[in-house]
Amino acid sequence: MKNKGTNTLAFKLWMYFVVFAVSLFVILWFMQVIFLQSYYSSMKKSEVIKLATDIEDAYISGNFVDLVDNIAYRNSSTVFIFDTLGNIIYTSNQSNTSDSDKISTIPDRHLAIDTSGVVEKILNSPNQKISYNLNVEKLKTELFVYGKLIPNTDACLVIVASIDPIDATTTVVQSQLVYITVIALMIASIISVFFSRRLSRPISRMNDTAKKLAVGNYNIKFEKAGYQEMDDLADTLNYATSELARTDKVKRELIANVSHDLRTPLTMIKAYSEMIRDLSGDNKEKREEHLQVIIDETDRLTRLVNDMMDLSKIESGVSDVIKGIFNFSEVVKSMTNNFKAIYESENCKIILDCPEELYANADRTKIEQVLYNLIGNAINHSGNDNKEIKIKVTTTSKRIKVQVIDNGEGIGQEDLAHIWDRYYKASKSFKRSNSGSGLGLSIVKNILTKHESDFGVYSTVGKGSTFWFDIEKASKKDIKINEGIDEKEQKEAKLKPKAKSKEQKNKS
């Protein structure tokens, strides 16, 4: 089992912050203590080489004495200029000397070095340059000697610079770094604890709130933390909470209403079956009446089960949309004629306003289901005395728009946004429909959504409602291609019987 104290976000943020601070100070210690001497030596040598170039230019120009003395003083070095025979022409501490003594001293150091043989080494070197370190054991110091032949002259330049050990400086730096490290780590620990708690506290609150949500408490709200990412997460979780609450409500209503729809016909089927058994078994007229009730209730159960299965397939993605080119005008006319035949005896008038030869690019079977549900819904909710349903089809350059208009009781504005939900009407006052399952509009919504179609409804209470949707209109090019495919299929269908007869002859 993991230790919760060391596995929390606050602890890990604190640990990462401290490790980062320690890493910085380790690097600082290495740079300021261990590599300080080597870095200093390298920098000093680079400066000497750069000074040699400046002195060389000044010597060639002829005005170099003041410059050389100034450079030598500022850089704790001694500058020699020899001729090619090894005679000293100039030193930074003994100007214009003609002394042939090859022993010279460095100012302020009283440190003697032997310069004999330097010129010979310069002249014999491949690029006429030399550089080397010279240790002076007596004073425990180190000198850097750099020499070169001055171009286009008979003179050699030699610079001797002191590279003193910086042990005293290193000791001071180490002492300061100890205090700086301790103080900085303490400050880093305090700051890291503050920020880690500040960052982890909102997450802990969200976790506690999420636990309440997990047990079905939807009366909660995720608090924002003042950080963009966490605020976005809080908004998302709050939205998810509201959707879960709504889904849970719909689920409970669906179970209650489906149970009601199932219980009522089952009760009636059982009751009328018992009546046939006990009372009307020998009375043909009564028996037929009771059997018709059983048949009607069985049909109602079948419609309910089929609608639930259709909706489940569409929502789960099992029933995919397969688009194709088809004559939409023929589909609407056929659907209208079917409803006229069913409802002509119920004083129901269906009016169709649709252009001729209108082709659509959609799933024909599913669009037929949409039309069936919308027309059936309009008939069920139209006026009792004079049912008039109008189906109006209009087109644009790319879309086909269908409107199903009824003269029924209408829908209130507060209900329009929810009528596409399953059994939404049941949330107010459940009224058992004589022909519908309560799932028709939800099926319509899912089919049209999968077609990426626009759809909607506008209604006036007491005057009626208009349900509408649009689908993709087939282009002339698509229609010609589709007609060519149909002709090819017809030819293949005609050839198949002939081919079969030839095979039969061969077998005989």
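## Crossing of H9 and H10

In this predicted model, helices H9 and H10 cross with left-handed geometry. Helix H9 spans residues 364-380 and helix H10 spans residues 440-450, and the two pack at an angle of about 145°, with a separation of 9 Å between their axes.

On the H9 side, the contact is made by Lys366, Gln369, Val370, Asn373, Leu374 and Asn377, and these residues meet Gly440, Leu441, Ile443, Val444, Ile447 and Leu448 of H10. Sorted by class, this contact between H9 and H10 comprises seven nonpolar residues, four polar residues and one charged residue.

## The five-stranded sheet

Five strands make up an open sheet with mixed pairing, and their order across the sheet is S9-S11-S12-S14-S13. Strand S9 (348-353) and strand S13 (455-460) form the edges, each of them pairing on one side only. From one strand to the next, the twist averages 15°.

Within this sheet, strand S11 (residues 387-395) and strand S12 (residues 399-405) run antiparallel and are joined by six bridges. One pairing can be named at the level of residues: Thr394 has Lys401, in S12, as its bridge partner.

## Placement of H9 on the sheet

Helix H9, which packs with H10, also lies across strands of the sheet, namely S9, S11, S12 and S14. Relative to strand S14 (464-472), helix H9 runs at about 175°. Helix H9 thus takes part both in the contact with H10, through residues including Val370 and Leu374, and in the arrangement across S9, S11, S12 and S14.

Conventions:
Residues are numbered from 1 along each chain as its sequence is written. This is a predicted model: local features need pLDDT of at least 70, side-chain atom pairs count only at pLDDT 80 or more; totals for chains, interfaces and linings use all residues. Side-chain values use heavy atoms; hydrogens and water are left out. Axes are lines fitted to C-alpha atoms, for helices over the stretch in contact, and angles run from 0 to 180 degrees between N-to-C directions. Helices (H or I, at least four residues) and strands (E, at least two) are DSSP runs, numbered from the N terminus. A crossing is left-handed if the near helix is turned anticlockwise from the far one by less than a right angle, and right-handed if clockwise. Contact means heavy atoms within 4.5 Å. Ala, Val, Leu, Ile, Met, Phe, Trp, Tyr, Cys and Pro count as nonpolar, Asp, Glu, Lys and Arg as charged, and the others, Gly among them, as polar. Two strands pair if DSSP finds at least two bridges between them.
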